[in-house]
Amino acid sequence: MAGSSLEAIVLVDIAVVLLIGVALAPLRTRLRQPVVVGEIAVGVLLGPSVLGLLPGNLPAKVFPVEVRSHLSVIAQVGIVLFMFVAGWELEFHLLRGRVRSVLAITAASLTVPCALASAVAFALFAGHSSLVPAHISPPLFMLFMGVVLSVSSLSVMIRILGENGLQGTTAGAMATASGAITDLVAWFAFVCLITAAQGLSTGNLLLTLGRVTAYSLAMGFVVRPVLRALLRRVHPQGGHSLLLIFAVGSGVFVSAWFATCIGIHAVIGAFTFGLVMPRDLDPAVRRAIATPLHHVGALLIPVFFGLTGLSVDMGALGWGGALALTAFFVVSLGGKFTGTAVTARLFHLPWREAATVGVLVNSKGLGEVLMLTMGREAGLINDQLFSALFLTALLMTASVNPLVRRLTPKTGGTDPGAAVPAQQQGPHAAPELSDDHTTRGPT
C-alpha cells in the first residue's frame, strides 16, 4: 500500500470513528448515558460483532491491518493526554476531615468484588475453561481478574455526577474521594501484576519496583515543587496560554516516555504527571492548560475504543462466554455495591445516599479497558475473555446513570456529554466532609 494511500485511509478511519460517535449521540443522550458508553459502543459496532456480520469482511476493509499501527499511535496520544487530565482531576482535599469513612468505603469497594472475582477466576481455572489462557499462573490470573473487576473510573463518575447535579452532595463527594483512592490503588496493583506477568526473576522484579519507587519519589519531591514554582508565577492575563500548553504537554509526554524506559506503561507516566500537578493554581490558569489538553485527548480517545472494538466478537463468546459475562457483571456490580453501600451505612450515611455511593463507584471506562488491553498483550487473558470483560465494562457503565437517577429523582440534569470537567469546576466543586457526619459547603 502506497504511503499517500496509507495516510489517506488513516485520516478517513479517524473520521469514520468520530462520525459514528456523532450519529449515536442523540440515542445516547436520550438514554441519558455518559459519553464513554457511546465511545465503547462505537468500538463494538465497528468490530466483528456488528459490522463483521455484513458480507465482505468490512472491518478488515475499513480498518486494514497496515493502518492499525498508525491509528494505535494516534490513539496513544489521546490516551496519554486523557490520563494526564484524569490524574489532575483527583482532588485530594475531598479526603480532609473524613479520612476514616472514605478509606473504609474504598477498602470495601475494592476487597469485596476483588474476592468474589478471584473466586470466579478460580472456578474458571479449575474447570479448565477455554476462557483461561494456557500456561497462566492461577494466582496471577485470579489477582488480575480481581483488579480489573474492582476498579472504578473517576472521569466517568465525574461526568455522571455533573449530569445529575450531585457534585455538591455528600454522596457525590464520598464517591469521588473513594474513586480517587481506588484509581491509585488499582493502578499500583496493576503495575505489579504486569511486571510479574513478564516472567521476570525476583531480582529483576525488585529492580523494576525500585525504579518505579525512585521515579515516584522524583515526581513527588522534585517535579512537583518545580511545577508549583513555575505555574504559580504565571499571571492569568499574561497571554502565555500557548506556551503553558506546550510546556505542560511536553512534560506529560516526557513522563510517559520515561515510564516506558523503567518498564511500565506510558499511561502510568501521564497519570503520575497529572497527580503531581499543583491544584491551587488560579482557575483561569488551570483552565488555560487543562481545557485544550482535555479536548485533544477527548477527540482522539474514540480512536482507541474503535481499535479495541475490532477484537471484540460477541458471536465468538459461546454459552461459556455468556455465562462468564453474566458472572462478571453480577460479581462486579453486586460486590462493589454491597461492600460500598453497607460500609457507608455503617458510617451513618442515610440509606438512599449510601446506595447512591454504591452505584457511583461501579462507573467503568477507559481505565478498565486499558487494563484489559495491556493484560491481553501480557498474555493474562485471551481474546474470548477480553470480549466478555469488555462487554461487562459497557453494561456496568450503562447501568450506573439510570440507577443514580432512580435514587435521586429530584435532581436536575444536563446532557451527559456536556458535563464540565472537574478541573474547570474550581477547587471547591464538591463539599468537604468530616467524620462528625456534617457536610460543609463551598467557601
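Reader: Which helix is L217 found in?
Author: In this predicted model, L217 lies in helix α9, which spans residues 202–231.

Reader: Is L217 buried or exposed?
Author: In between: L217 is partly exposed, with a relative accessible area of 45%. That value falls between the 20% and 50% limits, so the label is "partly exposed".

Reader: What surface patch does L217 help make?
Author: A nonpolar one of about 520 Å². L217 makes this patch together with F221, V222, V226 and L230.

Reader: Now the interior. How many residues has the largest nonpolar core?
Author: The largest nonpolar core has 123 residues. Those with the most contacts inside it are M83, F84, F144, M145, W187 and F328.

Reader: Which helix gives the most to this core?
Author: Helix α4, residues 65–89, with eleven residues.

Reader: What does W187 touch, leaving out residues up to four places away in sequence?
Author: W187 touches M83, V267, I268, F271, G367, L370, M371 and M374. One of these, M83, is also listed with W187 among the core residues with the most contacts.

Reader: Switching to backbone. Which residues other than glycine have a positive phi?
Author: R32 and N57 are among them. Phi of R32 is near 55 degrees, and that of N57 is about 50 degrees.

Reader: Where are R32 and N57 found?
Author: R32 sits in the loop between α1 (3–30) and α2 (35–46). N57 is in the loop between α2 and α3, the latter covering 58–62.

Reader: And what is the relative accessible area of R32?
Author: It is 35%, so R32 counts as partly exposed.

Note on methods:
Residues numbered from 1 in each chain as written. Predicted model: local features only at pLDDT ≥ 70, side-chain atom pairs only at ≥ 80, totals over all residues. Heavy atoms only, no water. Core = buried A, V, L, I, M, F, W, Y, C linked by side-chain atoms within 4.5 Å. Buried < 20%, exposed > 50% of the residue type's maximum accessible area, 1.4 Å probe, protein only. Helix = DSSP H or I, 4+ residues; strand = E, 2+ residues; numbered from the N terminus. Contact = heavy atoms within 4.5 Å. Patch = residues over 30% accessible without salt bridge, like charges linked within 9 Å, V, L, I, M, F, W, Y side chains within 5 Å. Areas by Shrake-Rupley, 256 points an atom, 1.4 Å probe, with all protein chains shown as cover. Salt bridge = Lys/Arg side-chain N within 4 Å of Asp/Glu carboxyl O.
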